[in-house]
Amino acid sequence: MFVYSIRSSTVKFFGVLLVAFLAVVGIIFAGDGAAIASAAPGEINYGGIKTEEDRIAFIEGFGIKVDKESETEESFKMPDSFDRVILGYNELQKKQGLDLSKYAKKRVTRYSYRVSNYDSDGEVYANLFVYRGKIVACDISSADPEGFVLPLTLVERDKLK
């Protein structure tokens, strides 16, 4: 025979936890997608990127609009050891839960799209680096040599028109 007792404080604790969870879920689904941009890196699905539509849908999921006709594609082999520039870029990627060091010596493909709704002087591009249907790095960057490079998944909403 098995006997188990539950204290009322335990029931209250789990009740409050359930209400808080439902409130968070309600906020996410009631919003206009703003929760996507503030999602934790572990909550973003970087896989299943096989077609142009998949790539554009991923980018536009963060409120970024791209010119579909501007797509450029370039395949290259990642170096086996990273220099100072790539290490700095990898630190940027780690902020969004990605790590390029896992892909040393692998052939990746970079897809770039011109962004049409980012508030900046000059042209801005969204870049996805894909390996076997998975995004291994992504950013939004200015074409200006004095410009910026930011994690794509952490773009500030107030910069989008």
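Tutor: Strands are DSSP runs of E with at least two residues, and they are numbered from the N terminus. This model is predicted.

Student: Where is T153 found?

Tutor: T153 sits in the segment after β5 (149-151).

Student: Is T153 buried or exposed, and how do you know?

Tutor: The relative accessible area of T153 is 1%. Buried means under 20%, so T153 is buried.

Student: What makes the pair T153 and Q96 a polar contact?

Tutor: Their side chains are joined at 2.6 Å. The cut-off is within 3.5 Å for a pair of N or O atoms, and the pair T153 and Q96 counts as a polar contact.

Student: Is R132 buried or exposed, and how do you know?

Tutor: R132 lies in the loop between β3 and β4 (134-142). Exposed means over 50%; R132 has 74% relative accessibility, so R132 counts as exposed.

Student: What is notable about phi of R132?

Tutor: Phi of R132 is near 50°, a positive value in a residue other than glycine. Most residues other than glycine have a negative phi. K105 also has a positive phi, near 70°, and lies in the loop between α4 (84-94) and β2.

Student: Why does D119 count as partly exposed?

Tutor: Partly exposed lies between the cut-offs of 20% and 50%. D119 has 46% relative accessibility, so D119 falls in that class.

Student: Which patch includes D119?

Tutor: D119 gathers with D121, D144, E146, E156 and D158 in a patch of negative charge on the surface. Asp and Glu count as negative.

Key
Residues are numbered from 1 along each chain as its sequence is written. This is a predicted model: local features need pLDDT of at least 70, side-chain atom pairs count only at pLDDT 80 or more; totals for chains, interfaces and linings use all residues. Side-chain values use heavy atoms; hydrogens and water are left out. Patches are made of residues with over 30% relative accessible area and no salt bridge: like charges are joined within 9 Å, nonpolar side chains (Val, Leu, Ile, Met, Phe, Trp, Tyr) within 5 Å. Accessible areas come from the Shrake-Rupley method with a 1.4 Å probe; for residues, only the protein chains shown count as cover. A salt bridge is a side-chain nitrogen of Lys or Arg within 4 Å of a carboxyl oxygen of Asp or Glu. The place of a charge is taken as NZ of Lys, CZ of Arg, CG of Asp or CD of Glu. Buried means under 20% relative accessible area, exposed over 50%, partly exposed in between (1.4 Å probe, protein chains only). Helices (H or I, at least four residues) and strands (E, at least two) are DSSP runs, numbered from the N terminus. A polar contact is a pair of N or O atoms within 3.5 Å; within protein, one must be able to donate a hydrogen and the other to accept it, and residues adjacent in sequence count only if both atoms are side-chain atoms.
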